[in-house]
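Notebook open, viewer open. I wanted to go through this one sheet by sheet and then look into the ligand site.

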Amino acid sequence: NKLRVGLLFGGRSGEHEVSISSARAIAQAISSDQNAQKYELLPFYIQKDGYWLAGEIAQQVLTSGTPLQLNGSNIQLPNPSQTSLPIPTSPYLPVSSSSSSAQVADVDVWFPIIHGPNGEDGTVQGLLQLMQIPYVGSGVLGSAMGMDKIAMKMAFAQAGLPQVKYMTINRAQVWSNPCVFPKLCDQIEATLGYPCFVKPANLGSSVGIAKVRSRSELETALDNAASYDRRLIIEAGVVARELECAVLGNDNPKASVVGEITFESDFYDYETKYTAGKAGFLIPAPVPESVSSAIQEMSLQAFASVDAAGLARVDFFYVEATGEVLINEINTLPGFTATSMYPQMWEKSGVPFTELVDQLIQLALERHS
Ligand code: ADP
Ligand code: MG
Ligand code: MG
């Protein structure tokens, strides 16, 4: 009697492809010799348009590693009524009772691995919660807090964690009448100075983020970020090394060894994150022991402060000149490919990938019971 693991991947965010890569690695781990006696894999693929597909076709996406073209050009779509039955609301859940493909009702535990909005932000978690089936990772609150940089920073501040100076504004202030906007820019310049970082509150993968060094760059960046989200955050820029720590567990979580991201670009932007060879990982990070232990401690505090569960990657700025460590953010569904930081940091902490996946599933069951 194997436990049937519903691997939920793809999704409507810009991180669709990353999700497929993460899901491939997790699928492999679930089907590995160590885990195959315990678990049976049921893949569920959410297309870019939000349509859910299960069974063979989802498996094909995992195997090929490429997104399903919405016109079906790269994969032969079976009769849709056999694989998925659209309900006139999004998401479309496959609910037909075809014997050849898995159904939502067959799943004993969900492993959602959809990064970014509509995946990592509590929306999928709310759906799974309503289904009353255990799922890997944070619940609704932890996911939503971890996705929203403003809510996250409020929780971090409440927990006494040091962070960069920041301001929060909304889209209406940016798109207000032309007399108000210059005052807003004046205020940002006076409070934060240059360089500063303009970010949409709810995104990831550096999408919509700009480092600005002048008034005209600030104006452009604010307008651009406002097109992504109603709420924006602007932060004072720091010159710092970027360190990360992986957290695993529920009420008594553990912190991994600390890792460092290195890159040549101006900051850790989208291109640097997703172009092979543009970023390097150093695990463990070559920093003093006092710095890594402070980061591990702060990671556990950050995890608890947003009510995360299961897993999270906590990211930091290490200002080497002063020895200061500032928390940057928490990611509740971090990249999970075989070469991603989160699993690599656990690997270097003595938890191999296959065991990590097993532990996460067990943590989901523990939290639900
Ligand atoms: P995301 O959730 O999209 O990863 P981050 O807040 O982590 O967004 O920002 C992405 C990258 O931008 C960081 O990894 C870092 O390189 C750079 N960055 C963001 N904020 C700052 C800051 N205040 N000072 C210096 N660099 C920053
Ligand atoms: Mg993030
Ligand atoms: Mg980040």
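Below are my entries on the sheets, the ligand and a few backbone oddities.

**Entry 1: before anything else**

I noted that this is a predicted model.

**Entry 2: the sheet with β1**

I began with the sheet that holds the N-terminal strands. Four strands make up this open sheet, ordered β3-β2-β1-β4, and the pairing is mixed. I checked the edges next: β3 (52-54) and β4 (109-112) each have a single partner strand, so one side of each has no neighbour in the sheet. From one strand to the next the twist averages 25°.

Which way do β1 and β4 run relative to each other, parallel or antiparallel? I found that β1 (residues 3-10) and β4 run parallel, joined by four bridges. For one bridge pair I looked up leucine 8, whose partner in β4 is proline 112.

Then I looked at what covers the strands. Helix α1 (residues 16-30) lies across β1, β2 (39-46) and β4, and runs at about 160° to β1. Helix α14 (residues 353-368) also packs on the sheet, where it touches β1, β2 and β4. The direction of α14 makes about 125° with that of β4.

**Entry 3: the sheet with β6**

I moved on to an open sheet of four strands in the order β5-β8-β6-β7, with antiparallel pairing. The edge strands here are β5 (166-170) and β7 (210-212); each has a single partner strand, so one side of each is left without a neighbour in the sheet. Neighbouring strands are turned by 25° against each other on average, ignoring direction.

How many bridges join β6 to β7? I got three between β6 (residues 196-200) and β7, with the two running antiparallel. Within that pairing, valine 198 stands opposite alanine 210 in β7.

Two helices went into the notes for this sheet. Helix α7 (residues 149-158) packs on it and touches β5, β6 and β8 (231-236), with its direction at about 55° to that of β8. Helix α9 (residues 180-192) packs on the sheet too, touching β5, β6 and β8. For α9 I wrote down about 165° between its direction and that of β5.

**Entry 4: ligand 1**

Next I went to the ligand. I have 20 residues around ligand 1, and the closest are Lys149, Lys199, Ser206, Glu242 and Lys273. Sorted by class, the shell has nine nonpolar, five polar and six charged residues.

Which ligand atoms do the glutamates 235 and 329 approach? A polar side-chain atom of glutamate 235 lies 2.9 Å from a nitrogen atom of ligand 1. For glutamate 329, a polar side-chain atom lies 2.9 Å from an oxygen atom of the ligand. Valine 238 takes part through its backbone: an N or O atom there lies 3.0 Å from a nitrogen atom of ligand 1.

I also looked up how much of the ligand is covered. Ligand 1 taken alone exposes 550 Å², and the protein buries 96% of that. The elements giving two or more residues to the shell are β6, β8 and β13 (324-331). That ties the ligand back to Entry 3, where β8 and β6 both belong to the sheet ordered β5-β8-β6-β7.

**Entry 5: β9, β10 and β11**

I followed the chain past β8 to another set of strands. Strands β9 (residues 241-249) and β10 (residues 254-263) pair antiparallel over six bridges. A hairpin of four residues joins β9 to β10. Across this pair, glutamate 244 stands opposite glycine 259 in β10.

β10 also pairs with β11 (residues 279-282), again in the antiparallel sense, over four bridges. There I noted phenylalanine 263, which has alanine 279 of β11 as its bridge partner.

**Entry 6: backbone oddities**

Where do the cis peptide bonds fall? One joins tyrosine 194 and proline 195, with omega about -5°. Proline 195 sits in the loop between α9 and β6. Another cis bond joins isoleucine 283 and proline 284, with omega also about -5°. I placed proline 284 in the loop between β11 and α12 (289-305).

Last lookup: asparagine 118 has phi near 60°, a positive value in a residue other than glycine. Asparagine 118 is in the loop between β4 and α5 (123-131).

Terms used: Residues numbered from 1 in each chain as written. Chains lettered and ligands numbered in written order. Predicted model: local features only at pLDDT ≥ 70, side-chain atom pairs only at ≥ 80, totals over all residues. Heavy atoms only, no water. Pairing = 2+ DSSP bridges. Axes fitted to C-alpha atoms, helices over the stretch in contact; angles between N-to-C directions. Contact = heavy atoms within 4.5 Å. Near = heavy atom within 4 Å. Polar contact = N/O pair within 3.5 Å; in protein donor to acceptor, adjacent residues only side chain to side chain. Areas by Shrake-Rupley, 256 points an atom, 1.4 Å probe, with all protein chains shown as cover. Nonpolar A, V, L, I, M, F, W, Y, C, P; charged D, E, K, R; others polar.
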